[in-house]
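The following exercises concern helix packing and backbone geometry, and each is followed by a solution that proceeds step by step.

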Amino acid sequence: MNVLVKSLSVLALLTMSALANAFDLQQLSAQLAKPDVIHGQFIQEKHLRALPQPLISKGSFVLAKNHGLLWLLKTPLQQDYRINAKGIARRDDNGWQLLPNKSAGAEQNRLFLAVLQGDSSGLQRDFELALSGDAQQWKLTLTPRSLLLKQVFNQINIDGGALVQTIELLETQGDSTVLRMQDSNASQPLSDAEQHDFAE
Amino acid sequence: MTLPSERRLPWLFLILLLAVVALAGWQWRDGAPLSANLMELVPGTHPDALEQRAEQRMQEPLNREMLVLVGHADRQQAVAMAQTLGEQWQASGLFEKVQWNLQADLPALRTQLLQGRLAMLSADDRQLLIEHPDVFIQQRVQALFDPFNGFTLVPSQDDWLGLTGRIQNSQPQHGSVQLDIGSGALIADADGKSWVLLRARTTGNAFDMNLPLQVAALLGASREQAAKSDVQLLAASGLLYAANGQQQATREMTWVGGGATVGILLLLLLAFRRWRVLLAFVPVLVGMLFGAVACVALFGHMHVMTLVLGSSLIGVAVDYPLHYLSKSWSLTPWRSWPALRLTLSGLTLSLITSAIGYLALAWTPFPALTQIAVFSAAGLLGAYLSAVCLLPALLKNVELRPAQWPLHLAERMIALREKLLERVRTPVLLALLIAFCVGGLVQLQSKNDIRQWVGAPQQLTDEAQAIARITGYQPTSQFFLVRADNQQQLLERQAALSERLEQLVNLDKLQGYLALDQLVSPPNQQEQVRAALNKLPQYWQPLLDLGVPLAALQSELQQLQTVPAEDIDAALAGPLGEPYRTLWLGPTEDGVAAMTSLQGLNNPALLRVQALDLPGVMLVDRLGELNEVFAATQISAAELKLASCALIVLVLMLPFGLGGALRIVALPLLAALCSLASLGWLGQPLTLFSLFGLLLVTAISVDYAILMREQVGGAAVSLLGTLLAAVTTWLSFGLLAVSSTPAVSNFGLSVSLGLAFSFMLAPWAGRHEHTATVAEPAA
């Protein structure tokens, strides 16, 4: 179960799809639906129960409406990832390498892309969605519905304003992951290099 | 004029009949003792006990499980329908287990992964750990940061070295079916639809008589229900083939049996113009009864195919009463007992020769034919006895005044033949016939395939193919059987085989395979892993740099040193062992054995090569072997045919002398040759079944030659008797040709051809010098 992808899916869902069942969710998705491309920095904190301090990694990301996601890890090690219609790919010396479609990963990938294409049914079936706050400062809580998901994690919390700010994943085993999206901006189009990365 | 013995005979026979009816009643006390198991019909290729056990193990799921895909463009709707159907099916009581979602037992999975850290590590990961421990650690560090690494079942603090994650990721992918995290359903996407996998395991197997029909009916109802919500169902199961086979057998039995019955009754009425003559059908019914009782008594049950082929007995059994009924054209007035007396020797000869012909079938290695032979021989005996003992009494006061048109027809045919012979003499005709035979025989092609036994409808095979395409599950009937002295050797041998199969997979010659060595490694390799782990402290600095406490790593290492070596049984016990369980055959007489199953094979010949120089490994290819047996049996069938002819010659020598006997037997043989040639001219393949059909026709048509040679009542009357016998026989066998089971239809075609030629050639049987005069004193 890839929680990050799951939460990014939610993000994308909110960005563009019709969550028709509640007025405020609709409002939120309208708010997030505007930008075509979001550039930003991220800090990922992995809190492992047995470690005194979290594993912290940093990098940048690009979320493009019709292309997918680039996740560029910079420290403590450098590694680029890409999710698009083809699957999850990792970049090595020879370019993008598509990772083998493992059952769970591929399912996440499918879900993510389904959401990108505006198919909201999957997420709503899997999660209870609860929204609080206002357009400037909101918080969305996802609680898994299915038994299988409940065995994996307790909750996903997403906070934001104009754009998403943090995503927090609470696993049942006691570990948690916090993703902080910083300096997100929706003003820049895709660079040539980014377009090339998505196209390859 | 009735002899005293003829007064007692009917009563004696009725007592016998009563006994047989009672026996039948007892045999049917628990319902029909019928079987539809195709494998019972095909020859045993005498595999050893282990091979047989392996085969049963591999076939069991085919005969008990049903695989259904529930498809809709909307995934959620597909899942909902799968759930609804799953619940309905579970409640139907037909299934032992219905599964539409995966109830993953995560704690059990965690335990197995932790326990199997040494034993279940894949070959690649093992190699990396042993040869490049630094890279091994580096990859672990990377994985800890990797946001897309996927969810690992075992939390990091229980497995800092990441062994369980590696095991989890190296589990072979089965087809293109994926787990839907939300619902737990197994789903494949194809053709713009989401297909939810629904698996059901029945309480009995495909060869229980009622179960397949019930399952097929349930599936039919579910299809309709699903269609209302626009949901499409695709289903595959041996059960559906069995249900179809049963329905088809019933349908064909009705057509063949009913058609033959109606035709024969009509013929009797038209020819003899008396309602009472319909009693001639009594021997047929008695014959069927005797056949069924003998079959169940000998084999414990009767196969549906025996019934289909056996229903052709109707036409042969009715020949016995026809023998003396047809004497009504020459005997005036006709009386039953004298007519019988006159034809008794011919009847008896006919019974003996036909029985020899049928019983010759019993010596072929085909259980199907053995059953048919027993059914038919017993049936003929029953028909003969009732024709001889009972029927004359029933027809005692009937005076037959048969229609004259059949006689005129026969006379005209004889005249025609005479005219022909005036212009073209027999040797010339024979030469022409032989030319025809040679011309046909060179075009004759032999074809044998087990698939001829199954008349699988297009829809079933289409759906099975669609399921294979969508899910990627393409089970093949071939598999490898691997034997070894102990588990260590077994796993090594399977690994050696896997290495070769992997090459085939890479060449796209094979889609995949499943073997125990993919799940668990042999004990010595587990020790190698243990030793390699002991060297890790030199390389694990990067993990310490992340902040992983040294004590935690050390205690984990210590724990790994005490993890016991895992054997096959232990590995199979956990949830990850589930798909592998059927493969393990366990201890055998001389060691242990397991199987390697295959997916999506497109070249069986390649497989055979794989096993050639691997000790203890053999390919089990039952279909391939069967087809070989078929071909081999063709030769033995021909030999059998000649042997049965020799036997018939011996029997016929008594009344007709050697010359006469040879002549009588030569005619059916020539007829058989002509039929073979006709198959060639018609472009029909020669199959084992056509050969069996001809084997049979030889025996039946010896009868025609005898009739013609005996010439009781003159040539025209004899020809008429022969014609009637041939037409009735053809009515029942010829109808088999319309069967949708290729084997049965082939059988019917060759018998039909054989009968036609036998009838045409019968007048050449010559003329037997009668010592008794034809002029029987009138009653």
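**Exercise 1: a helix pair**

In chain B, helix H26 (residues 688-710) and helix H27 (residues 715-734) pack at an angle of about 165°, with their axes 8 Å apart. The model is a predicted one, in which local features need pLDDT of at least 70 and side-chain atom pairs count only at pLDDT 80 or more, while totals for chains, interfaces and linings use all residues. Residues are numbered from 1 along each chain as its sequence is written, and chains are lettered from A and ligands numbered from 1 in the order in which they are written.

Task: classify the relative direction of H26(B) and H27(B), and state which residues meet.

Solution. Helices (H or I, at least four residues) and strands (E, at least two) are DSSP runs numbered from the N terminus, and axes are lines fitted to C-alpha atoms, for helices over the stretch in contact, with angles running from 0 to 180 degrees between N-to-C directions. Angles over 145 degrees count as roughly antiparallel, under 35 as roughly parallel, 65 to 115 as roughly perpendicular and the rest as oblique. H26(B) and H27(B) are therefore roughly antiparallel to each other. On the side of H26(B), B:Ile700, B:Asp703, B:Tyr704, B:Leu707, B:Met708 and B:Glu710 meet B:Ser718, B:Leu719, B:Gly721, B:Thr722, B:Ala725, B:Ala726 and B:Thr729 of H27(B), where contact requires C-beta atoms, placed from the backbone, to lie within 7 Å.

**Exercise 2: a bent helix and its partner**

Task: find where H25(B) bends, and describe how H25(B) lies against H14(B).

Solution. Begin with the span: H25(B) has 61 residues, yet its end C-alpha atoms are only 32 Å apart, short of the 90 Å of a straight helix at 1.5 Å a residue, the expected span being 1.5 Å times one less than the number of residues. Next, locate the bend, which is about 125° at B:Phe656, taken as the angle between axes fitted to the seven residues ending there and the seven starting there. Finally, the axes of H14 (residues 336-362) and H25 (residues 622-682) of chain B come within 9 Å and cross at roughly 165°, and the two helices are therefore roughly antiparallel to each other.

**Exercise 3: backbone geometry**

Task: identify the peptide bond geometry at A:Pro76 and the sign of phi at A:Asp183.

Solution. The bond from A:Thr75 to A:Pro76 is cis, with omega near 0°, and A:Pro76 lies in the loop between strands E3 (68-75) and E4 (79-84) of chain A. A:Asp183, in strand E11 (residues 176-185) of chain A, has a positive phi, near 50°, in a residue other than glycine.

Conventions:
Two residues are in contact if their C-beta atoms, placed from the backbone, lie within 7 Å.
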